[in-house]
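Q: Please take a close look at the side chains in this model: what they touch, how buried they are, and how their rings pair. State the cut-offs as you go.

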Amino acid sequence: MSWGTELWDQFDNLEKHTQWGIDILEKYIKFVKERTEIELSYAKQLRNLSKKYQPKKNSKEEEEYRYTACKAFLATLNEMNDYAGQHEVIAENMTSQIIAELVRYVQELKQERKSHFHDGRKAQQHIETCWKQLESSKRRFERDCKEADRAQQYFEKMDADINVTKADVEKARQQAQARHQMAEESKTDYSSILQKFNHEQHEYYHTHIPNIFQKIQEMEERRIVRMGESVKTYAELDRQVIPIIGKCLDGIVKAAESIDPKNDSQLVVEAYKSGFEPPGDIEFEDYTQPMKRTVSDNSLSNSRGEGKSELKFGGKSKGKLWPFIKKNKLSLKLGATPEDFSNLPPEQRRKKLQQKVDELNKEIQKEMDQRDAITKMKDVYLKNPQMGDSASLGHKLGEVSQNIEKLRLETQKFEAWLAEVEGRLPARSDQARRQSGMYEAQNAPSVNNCAQDRESSPDGSYTEEQSQESEVKVLATDFDDEFDDEEPLPAIGTCKALYTFEGQNEGTISVVEGETLFVIEEDKGDGWTRIRRNEDEEGYVPTSYVEVYLDKNAKGAKTYI
């Protein structure tokens with residue numbers, strides 16, 4: 001099957017068909033281009049979606065992603081980001097391997113098609129020219145034959161007329177002969193041109209046109225093959241990313257399978273555990289006979305009158321709930337979080353302090369690494385002065401050392417607070433508790449009774465407010481009298497404050513750098529030393545904040561060999 005033999009007379013239709021083939025190819029290129037635009041748009045939307053739901057750094061959202069369910073969601077967002085990347089790969093590969101290649105091929109195809117049809121038109125024009133020459137020679141031969149026939153008839157007429165002179169007859173005869181000669185020449189010329197035309201026509205329909213049409217057929221078949229290959233490539237490019245997309249989906253499934261509800265429940269405990277003990281039972285208060293009213297130390301909900309005495313004197317229950325609540329409210333009013341996180345429950349405060357200590361240790365390590373790097377560089381400069389001035393690094397080295405020292409002091413401060421929270425702060429004696437008597441006033445026994453309260457009312461009726469005032473006054477008096485006869489502990493040495501310490505917590509005492517104080521109880525391995533400024537001011541400070549000078553002869557002091 002050949003277009004040259006089967007379609008020898010369909011030049012115009014072949015021209016239209018091949019143009020249609022190029023149009024189809026260009027349409028396919030446009031389709032793939034729009035597909036790549038969709039892929040890029042889809043990838044962009046997926047990336048934006050993933051970014052939109054990513055937790056913000058240093059925000060509460062970032063803390064929420066500690067939970068396994070949230071981690072699975074975060075893994076899904078990350079996998080979707082990779083998933084979007086594969087769609088970008090599809091678009092990139094289709095652009096380079098299909099669109100770019102086909103655009104270049106279409107340009108070459110147009111040039112080849114133009115060349116083939118140019119050759120076809122040239123051959124067509126040549127055969128048309130030969131045909132015109134044949135027609136012209138044929139008409140000339142026909143005309144000459146007619147002229148020769150008329151000349152012969154005229155000669156015969158002149159020869160038969162007796163009235164015509166012999167000269168006229170001879171002239172007519174010569175003219176007839178000339179016309180016959182011209183007709184013979186036209187016949188010869190026509191025969192030659194006809195023979196030539198037949199040859200050209202045979203070459204045109206059996207050689208030139210078949211060859212041209214065969215080339216056009218091959219060109220069209222290459223176009224079809226090329227389009228088929230592009231369609232296959234189109235599918236293969238999609239298929240290539242399927243394994244990676246599958247891995248993305250497997251990652252999402254794996255993240256889903258890693259969700260651990262028990263672990264998340266434990267994280268909730270760690271996040272919100274206060275460290276307080278549940279309140280105990282409320283004791284029965286019998287008003288039928290004169291007696292001291294007592295309230296359970298672990299009660300969260302005291303009577304209205306006793307609650308007011310707490311507000312007035314800052315009383316604290318054994319469960320340690322009330323001081324925390326009061327401090328928390330005070331912090332909220334001030335609008336700032338205390339540096340030692342004392343506004344938080346014990347467990348949460350411990351976590352915050354531990355986190356702060358870890359952060360400071362990382363900063364210290366970073367500064368130490370920088371110091372080591374500067375020191376090495378300084379040594380290099382000393383050995384090779386041409387590389388740099390070692391003296392220029394001295395100032396920088398000093399700054400780094402100062403930063404390390406500041407960070408260490410800051411770390412010691414937070415470690416002291418952390419030690420206190422973790423229970424390393426020793427139990428305080430009665431003398432230390434005296435310093436915070438207003439917090440302990442609540443725990444002193446109440447001596448007022450119903451009869452006394454009623455007698456304090458002008459009309460003899462019971463007034464809760466008066467009973468509260470009387471009760472608190474007696475509480476304060478009894479509390480002070482309880483320790484009036486206690487002798488203070490003797491000093492076993494002195495100490496010098498190396499750093500300023502703000503004793504903001506109960507049982508601690510504030511000291512100023514360089515201050516000298518008395519040591520009344522040395523460090524028992526918990527990181528705290530008990531000191532005294534005067535008879536009314538004593539408490540605990542971190543041992544690392546002071547330099548202790550023990551009196552070897554003092555009672556209770558250790559003897560060092």
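A: Outside its neighbours within four places in sequence, His116 is in contact (heavy atoms within 4.5 Å) with Ile212, Lys215, Ile216 and Met219. The model is predicted, so local features need pLDDT of at least 70 and side-chain atom pairs count only at pLDDT 80 or more, while totals for chains, interfaces and linings use all residues. Residues are numbered from 1 along each chain as its sequence is written, and side-chain values use heavy atoms, leaving out hydrogens and water.

His116 lies in helix 4 (residues 68-160); helices are DSSP runs of H or I with at least four residues, strands are runs of E with at least two, and both are numbered from the N terminus. His116 counts as buried because its relative accessibility is 10%; buried means under 20% relative accessible area, exposed over 50%, and partly exposed in between, with a 1.4 Å probe and protein chains only.

Gln217 is in helix 5 (residues 166-257) and is buried at 3% relative accessibility. Not counting residues up to four places away in sequence, Gln217 touches Met1, Ser2 and Trp3.

On the aromatic side, the structure holds 13 aromatic pairs, where ring centres of Phe, Tyr and Trp (its six-membered ring) lie within 6.5 Å, and planes under 30 degrees apart are stacked, over 60 edge-to-face, the rest tilted. One of them is Tyr53 with Phe73, edge-to-face at 6.4 Å centre to centre and 65° between the planes. Tyr53 is partly exposed at 41%, and Phe73 is partly exposed at 36%.
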